[in-house]
Amino acid sequence: MADAAREVVAAAMAQAGAAQPFTAYAPSNIALAKYWGKRDAARNLPLNSSLSISLNEWGSRTTVAPSASGADEVILNGDVLPGSSAFAQKVVKFADLFRGDRAIPLRVETHNTVPTAAGLASSASGFAALTKALCGSFGLPLTPAQMSMVARLGSGSAARSLWHGFVRWNRGDAVDGSDSHGVPLNGVWPEFRIAIVKVDTSPKAKSSRDGMDHTRETSPLFQAWPAQAEADCGAVERAVLDRDFVTLGEWTEGNALMMHATMQAARPSLCYLTSRTWTALERLWQMRADGLQAFATMDAGPNLKLIFLEPSTGDVLAAFPEADVVEPFAARANGS
Ligand code: ADP
Ligand code: DP6
């Protein structure tokens, strides 16, 4: 059956030249309205739309070049990975989307400024940067929306990492996935802040992919999720466009807690949140009762991401001194 992303790549590769060294950067992103569940695993199409904020200089920088050794090489944060590692195999499989059955050995060197596989969205920036670097290396004239579709095949959340700022990933309706890609929301919100509260950054026990499949297959609460998640995405988008921070925060936190509730109802239960997560949440809720305007969201890991506006920075850091604060709309170094 047709797959728009694979067809776009195949058509462009038919005209491509030899691989050249090319470096690309993509930011990680945090979903304010989450993607959790697929309607089509082969094309990696989601059950609902989602909306994220990109993490500026937290992301992945990837260089694709011809391999001098004649074999594929994958280097992560300076370490040459064994070909048998799951990470290297996923990178090679993704490069095969481009190469088809042509023998084009590649050297893929990537640096993550986010912890890898800890629920801080390394897969999003990783596959978006890899898509951009492969397109650049082969000189493919894909639009950002087409690259978003291709990145989606590597990891759904990567569809949102082609842009900085707020990005909506439309679920789309087309069977071939041609309308399921990211769309950037216009405008900047300079005061918008994200605090990453790391309670544990070791790799997670269950990947997002396995976790969402298990939830969809076994959680009796999951039947309520797709429609509510779609409604949440619309509400989050309106709040962003209206610059209505409190409404945005309430919908964001409610969406994340509902996603985790559906997972916890899976059989057996899936809990990415730990006692440390809940302790931090209780601290946040107490601060909010005392007037702080900050809200939390959590992904497939125990870490919290807080959203707030610049005037609350001091209070957030007083409550969470270990947090890293990201300014999504701050000026970036060249090449980011
Ligand atoms: P996370 O929460 O960090 O996204 P996942 O388990 O969902 O964790 O994804 C981690 C996976 O993403 C890695 O095992 C690897 O396959 C992929 N990944 C992470 N960083 C990169 C990168 N820089 N380039 C290519 N793939 C990457
Ligand atoms: C909880 O994009 O990692 O972070 O498409 O299977 O690779 P795959 O899943 P992935 O899942 C992200 C899940 C999430 C929510 C989100 O980012 O929208």
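How many bridges pair β8 with strand β9, and in which sense do they run? Hello everyone, let's start with that one. The two strands, with β9 covering residues 182-184, pair in the antiparallel sense over three bridges. Before I go on, please keep in mind that what you see above is a predicted model.

Let's stay with β8 for a moment. One of its bridges into β9 is easy to find: V167 has P184 as its partner there. β8 also pairs with strand β4, residues 50-66, in the antiparallel sense and over four bridges. If you want a landmark on that side, look for S50, which stands opposite W169 in β8.

Now, which way do the side chains of β8 point? As a reminder, in a regular strand the side chains alternate between the two faces of the sheet. In β8, which spans residues 166-169, F166 and R168 point one way while V167 and W169 point the other way. All of these residues are buried.

Next, let's move along the chain to another sheet. Strands of a sheet pair through backbone hydrogen bonds, either parallel or antiparallel. Here four strands form an open sheet, and their order is β11-β12-β10-β13, with antiparallel pairing. Which strands sit at the edges? They are β11, residues 294-297, and β13, residues 324-326, and each pairs on one side only. On average, neighbouring strands of this sheet are turned by 25 degrees against each other, ignoring direction.

Two helices pack on this sheet. Helix α7, residues 245-264, touches β10, β11 and β12, and its direction makes about 25 degrees with that of β11. Helix α8, residues 275-289, touches β11 and β12, and here the angle with the direction of β11 is about 160 degrees.

Let me zoom in on β12, residues 304-309. With β11, this strand pairs in the antiparallel sense over four bridges. The two form a hairpin, with six residues between them. You can trace the pairing yourself: A294 stands opposite F308 in β12, and T297 stands opposite K305. On the β10 side, six bridges join β10 to β12, again antiparallel. There, R193 stands opposite F308, so to speak of F308 is to speak of a residue facing A294 as well. Is β12 mostly covered or mostly open? Mostly covered: five of its six residues are buried.

Let's look at two helices meeting each other. Two packed helices are described by the angle between their axes and the distance between the axes. The axes of helix α1, residues 4-13, and helix α4, residues 144-154, come within 9 Å and cross at roughly 115 degrees. The crossing is left-handed. Which residues meet there? From α1 we have A4, A5, R6, V8 and V9, and from α4 we have Q146, M149, V150, R152 and L153. Taken by type, the residues of this contact divide into seven nonpolar, one polar and two charged.

On to some backbone details that are fun to look up. The peptide bond from R267 to P268 is cis, with omega near -5 degrees. You will find P268 in the loop between α7 and α8, the two helices we saw packing on the sheet.

Two residues have a positive phi although neither is a glycine. N44, in the loop between β2 and β3, has a phi of about 50 degrees. R243, in the loop between α6 and α7, has a phi of about 55 degrees. Are they buried or exposed? Buried means under 20% relative accessible area, so N44, at 3%, is buried. R243, at 30%, counts as partly exposed.

What about the cysteines? A disulfide is a covalent bond between the sulfur atoms of two cysteines. A search of the whole structure finds zero of them. Two cysteines to look at are C135, which is buried at 3% relative accessibility, and C233, which is buried at 0%.

For contrast, here is a residue at the surface. K93 is in helix α2, residues 86-99, and is exposed, with a relative accessible area of 64%. From K93 to P82 is eleven residues in sequence and 15 Å in space, C-alpha to C-alpha.

That's my tour, and thank you for listening!

Note on methods:
Residues are numbered from 1 along each chain as its sequence is written. Chains are lettered from A and ligands numbered from 1 in the order in which they are written. This is a predicted model: local features need pLDDT of at least 70, side-chain atom pairs count only at pLDDT 80 or more; totals for chains, interfaces and linings use all residues. Side-chain values use heavy atoms; hydrogens and water are left out. Two strands pair if DSSP finds at least two bridges between them. Axes are lines fitted to C-alpha atoms, for helices over the stretch in contact, and angles run from 0 to 180 degrees between N-to-C directions. Contact means heavy atoms within 4.5 Å. A crossing is left-handed if the near helix is turned anticlockwise from the far one by less than a right angle, and right-handed if clockwise. Ala, Val, Leu, Ile, Met, Phe, Trp, Tyr, Cys and Pro count as nonpolar, Asp, Glu, Lys and Arg as charged, and the others, Gly among them, as polar. A disulfide is a pair of cysteine sulfur atoms within 2.5 Å. Buried means under 20% relative accessible area, exposed over 50%, partly exposed in between (1.4 Å probe, protein chains only).
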